[in-house]
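User: I am new to this structure and would like a close look at its pockets, with the ligand and any enclosed space taken in turn. Please go through them slowly and in one connected account.

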Amino acid sequence: MHKLFLLPGDGIGTEIMAQVERLIEWINAEGHAEFEIDRGLVGGCAYDAHGQAISDADMAKAMAADAIIFGAVGGPKWDAVPYEVRPEAGLLRLRKDLGLFANLRPAICYPSLADASSLKRELVEGLDILIVRELTGGVYFGEPKEITDLGNGQKRAVDTQVYESYEIDRICRVAFDLARTRGKKVHSADKKNVMKSGVLWDEVAHIAAKDYPDIEFHHILADNAAMQLVRNPKQFDVMVTDNLFGDILSDAAAMLTGSLGMLPSASLGAPDPVTGKRKALYEPVHGSAPDIAGKGIANPIAMFASFAMALRYSFGMVDLATRLETAISAVLDQGLRTADIAQEGKETVGTEAMGTAILKQFAA
Ligand code: NAD
């Protein structure tokens with residue numbers, strides 16, 4: 001029995017989660033696995049119900065789950081709520097309390113969508129990159145973090161980039177372990193030419209690399225990594241980097257592949273010392289898309305692909321994960337398109353029809 005905690009959130013979050021729930025029910029009914037499902041509130045809907053972006057009771061359920069499947073949060077309705085209880089605070093609390101330090105952002109180019117990329121087809125067709133971003137440290141969290149009034153009409157802003165070796169070591173090992181299941185190549189991106197944190201990052205990455213002699217290991221400066229991503233992205237397999245560079249490089253890599261509605265992600269914690277299981281949260285990269293919420297036209301593929309990551313990384317169900325990813329690819333090959341990935345003037349399908357087609361293909 002595997003415990004799934006579903007947090008659909010706001011806007012299109014609920015619409016795309018409904019499609020994945022159909023898939024989970026089918027997997028259970030066919031006896032491929034036994035998932036126990038619980039549901040909670042996060043984001044604006046949690047604020048409406050409890051005055052908090054996630055309640056303590058739902059946090060406790062999240063802590064006890066084998067995997068959290070998260071939709072999206074936010075919307076104009078909650079733009080003016082107090083900062084500490086804004087919808088995103090629910091996601092940040094989950095990441096922090098569960099210690100989800102490793103953010104996995106795949107950038108896969110489906111052959112039938114290669115022409116939707118801003119790069120030429122031959123540069124992106126067959127692209128399969130995994131960016132592993134450190135998520136709980138670095139300049140987004142380092143102290144001091146402040147703006148000081150200097151009293152002479154000037155102000156000074158400070159952010160602090162800080163990493164300890166254990167934080168670098170554990171994220172690099174996640175990247176090396178994942179590379180073993182893929183193309184066996186890791187690039188570590190930092191700015192060791194101008195930043196002390198980069199010098200330490202590179203030193204620790206090289207030490208960790210010694211334990212992975214089967215992995216081809218390269219250092220790359222983060223600015224060069226950005227350049228290479230748009231020049232020749234297929235040279236990369238796994239790229240590991242810090243919180244700030246990872247934020248930027250993963251978005252750049254993702255957009256090589258087309259629409260936001262296609263992009264999954266996973267955030268993993270440290271393995272439990274007894275069970276070896278990692279806390280994990282799976283979510284599409286996109287937000288709650290208030291502009292299309294309630295219209296039944298959201299693309300559910302990022303949500304399905306996030307669930308495929310859960311099957312692979314939390315439950316070791318590699319065959320089912322591959323089957324789901326193959327079903328997505330096949331449905332795209334058949335020409336089915338939601339509005340966000342359709343060429344102008346071409347026929348489109350809604351969220352439910354796309355879900356049904358993927359489910360049918362998966363079950364075939
Ligand atoms: P967004 O990702 O919600 O939408 C950006 C654009 O992409 C919109 O035009 C939207 O219609 C489209 N889009 C996104 N996902 C789609 C899908 N699955 N199918 C079809 N089209 C899709 O970003 P935004 O508009 O900047 O933010 C909207 C709200 O979401 C805000 O409240 C923001 O704070 C929140 N947000 C939440 C998350 C999260 O939950 N992790 C991430 C980003 C933004």
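Analyst:

**The largest pocket and its surroundings**

In this predicted model, the largest pocket has a volume of about 940 Å³. Its lining is made up of 32 residues, and those closest to the centre of the pocket are E88, L91, L92, R95 and R133. Several elements give two or more residues to this lining, namely the strands β3 (67-72), β4 (102-108) and β12 (278-284), together with the helices α4 (87-97) and α9 (243-255). Of the elements, α4 gives the most to the lining of the largest pocket, with 7 residues. Sorted by class, the lining of the largest pocket holds 12 nonpolar, 9 polar and 11 charged residues. As for where this pocket sits, domain 1 (1-109 + 259-364) and domain 2 (128-256) both give residues to its lining, so the largest pocket lies between them.

The second largest pocket holds about 740 Å³ of space. It is lined by 32 residues, of which L178, M309, R312, Y313 and E325 are the closest to its centre. The elements that give two or more residues to this second lining are the strands β4, β5 (128-134), β11 (264-271) and β12, along with the helices α6 (165-180), α10 (301-313) and α11 (318-333). The lining of the second largest pocket divides into 18 nonpolar, 6 polar and 8 charged residues. Because domain 1 (1-109 + 259-364) and domain 2 (128-256) both give residues to the lining of the second largest pocket, it lies between them.

Turning to the ligand, 22 residues surround it, and the closest are E88, G287, A289, D291 and N299. E88 thus appears here among the closest residues to the ligand, and E88 is also one of the residues closest to the centre of the largest pocket. Elements that each supply at least two residues of the shell around the ligand include β3 and α4, and both β3 and α4 also give two or more residues to the lining of the largest pocket. By class, the shell around the ligand has 11 nonpolar, 7 polar and 4 charged residues.

Polar contacts give a finer view of how the ligand is placed. An N or O atom in the side chain of E88 is 2.4 Å from an oxygen atom of the ligand. In the case of G75, a polar backbone atom is 3.1 Å from an oxygen atom of the ligand, and for S288 a polar backbone atom is likewise 3.1 Å from an oxygen atom of the ligand. On its own the ligand has 810 Å² of accessible area, and the protein covers 68% of this.

Last comes the enclosed space, for which a search of the whole structure finds 1 cavity of 30 Å³ or more. The volume of this largest cavity is about 50 Å³. Its lining consists of Q161, Y163, A189, D190, K191, M195, S197, G198, W201, D242 and F245. Two elements, β8 (185-190) and α7 (196-209), each supply at least two residues of that lining, and the largest share, 3 residues, comes from α7. By class, the lining of the largest cavity has 5 nonpolar, 3 polar and 3 charged residues.

Terms used
Residues are numbered from 1 along each chain as its sequence is written. This is a predicted model: local features need pLDDT of at least 70, side-chain atom pairs count only at pLDDT 80 or more; totals for chains, interfaces and linings use all residues. Side-chain values use heavy atoms; hydrogens and water are left out. On a 1 Å grid over the protein atoms alone, a cavity is a set of points where a 1.4 Å probe fits but cannot get out, and a pocket is an open set with protein on both sides within 12 Å along at least five of seven lines; lining residues have an atom within 4 Å of a point. Grid points are joined across faces, edges and corners, and a volume is the space filled by probe spheres set on the points. Helices (H or I, at least four residues) and strands (E, at least two) are DSSP runs, numbered from the N terminus. Ala, Val, Leu, Ile, Met, Phe, Trp, Tyr, Cys and Pro count as nonpolar, Asp, Glu, Lys and Arg as charged, and the others, Gly among them, as polar. Domain bounds come from an automatic or database domain assignment. A residue is near a molecule or strand if one of its heavy atoms lies within 4 Å of it. A polar contact is a pair of N or O atoms within 3.5 Å; within protein, one must be able to donate a hydrogen and the other to accept it, and residues adjacent in sequence count only if both atoms are side-chain atoms. Accessible areas come from the Shrake-Rupley method with a 1.4 Å probe; for residues, only the protein chains shown count as cover.
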